[in-house]
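Student: I would like to learn how to read a structural model step by step, starting from a single residue and working outwards. Could we go through one together?

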Amino acid sequence: MGMSEFYGGRDDEESIRTIHRALDLGVNLLDTADIYGPFTNERLVGRAIKGRRDEVVLATKFGNRRAADGTSLGIDGSPAYARSACEASLERLGVDHIDIYYQHRVDPNVPIEETVGAMAELVTAGKVRHLGLSEAAPTTIRRAAAVHEIAALQTEYSLWTRDPEHEILPTVRDLGIGFVAYSPLGRAFLSGRVRSDADLTPDDVRRRMPRFQGENFQHNLEIVALLEGMAKRMHCATSQLAIAWLLHQGDDIVPIPGTKHVKYLDENVGSIEIELSADDLRQLDEIAPPGAAAGMRYAEGGMATVNW
């Protein structure tokens, strides 16, 4: 996502180098969506994987509609839109199938059975291999799974967003659904690289997120300071500690840290080498227990679209 929009600046050539480096290191899950850009990130990913398609588990999403100028057009889970959005994504990606096709946000005005039914038709047609949901509520997940197998649920999860532990994770584990954790570094906050507004460009979307504002920001910096102290004692980067924590939450959890720079990619991949003891995990629970972060993860309008 950040390669094309939202986090300030873009450099397509560096982004493609980053994707190639990821594939060279054995990373094989690439996650995009039609609205990133909008519509440009899928083309970027398509360029990057040309000639290397067999190395990639390719995931993209539909449901959040945007105009070409970026204007939000709301959420659309209608069967007709699911079909047309898939065709458009296949064209932009330059592939004949999508490995994981997610409904980006659940449309409260369209029964989930209708949306997933249309997505299932895409599987039958060979255009999609597996289905996924993003930011869906437990009841919705169960209703969807009754229509067609759901391979993955993608929801924000990190040391400062532990909400899924209450109901979401138990639900997907009961149903045998994998969990894809987006924003595992809290949009770079948990890396320690965001210290003030000065670290964000004027158009950076994080400026509009409550956790990056005012007193919330200062409170959350205190959590990061404790994580930095622990990472220093363990001789690793703070970002690596945060990702390692996620990797220790279960083999069914796959974090997808986003970056547009090779150096940060290498740092993120290094997280797999970090072993956390029971005492380390206890310390992290004390530093960042559920509910520790101050502020909502999205502004009010964004929060209205999650957990349907």
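Student: Where is the place of Ala 144?

Tutor: Bearing in mind that this is a predicted model, one locates a residue by its secondary-structure element, and Ala 144 falls in helix 5, which runs over residues 138-147.

Student: Is Ala 144 buried or exposed?

Tutor: The label follows from the relative accessible area, with buried meaning under 20%; Ala 144 has a value of 0%, and therefore it is buried.

Student: With which residues is Ala 144 in contact, leaving aside its neighbours within four places in sequence?

Tutor: Once those neighbours are set aside, the contacts of Ala 144 are Ile 112, Val 116, Leu 133 and Ile 150. A C-alpha distance adds to this picture, since Gly 117 lies 27 residues from Ala 144 in sequence while the two C-alpha atoms are 8.7 Å apart in space.

Student: How many residues of helix 8 are buried, and what covers them?

Tutor: Here the reading moves from a residue to an element. Helix 8, spanning residues 238-247, is mostly covered, with nine of its ten residues buried, including Gln 240, Trp 245 and Leu 246. The cover for these buried residues includes strand 8 (178-182) and strand 9 (253-256), together with helix 7 (214-234), helix 9 (262-269) and helix 10 (278-287).

Student: How many aromatic pairs does the structure hold, and how is such a pair described?

Tutor: A pair of aromatic rings is described by two quantities, the distance of the centres and the angle of the planes. This structure holds ten aromatic pairs. In the pair of Trp 160 and Phe 212 the ring centres are 5.8 Å apart and the planes stand at 90°, so the pair is edge-to-face. Because Trp 160 sits in the loop between strand 7 (150-156) and helix 6 (168-175), and Phe 212 in the loop between strand 8 and helix 7, the pair ties together parts that are 52 residues apart in sequence. Trp 160 is buried at a relative accessible area of 7%, and Phe 212 also counts as buried, at 3%. Ring pairs further link Trp 160, Phe 189, Phe 212 and Phe 217 into a cluster.

Student: What can be said of the chain as a whole?

Tutor: The chain contains eleven helices and nine strands. Its radius of gyration is 19 Å, close to the 19 Å that the globule rule gives for 308 residues, so the chain is as compact as a globular protein of that length. Buried residues account for 52% of the 308 residues, and of the contacts between residues at least 6 apart in sequence, 75% join residues at least 24 apart.

Conventions
Residues numbered from 1 in each chain as written. Predicted model: local features only at pLDDT ≥ 70, side-chain atom pairs only at ≥ 80, totals over all residues. Heavy atoms only, no water. Helix = DSSP H or I, 4+ residues; strand = E, 2+ residues; numbered from the N terminus. Buried < 20%, exposed > 50% of the residue type's maximum accessible area, 1.4 Å probe, protein only. Contact = heavy atoms within 4.5 Å. Rg over C-alpha atoms; globule rule 2.2 N^0.38 Å. Phe/Tyr/Trp six-rings, centres within 6.5 Å; stacked < 30°, edge-to-face > 60°.
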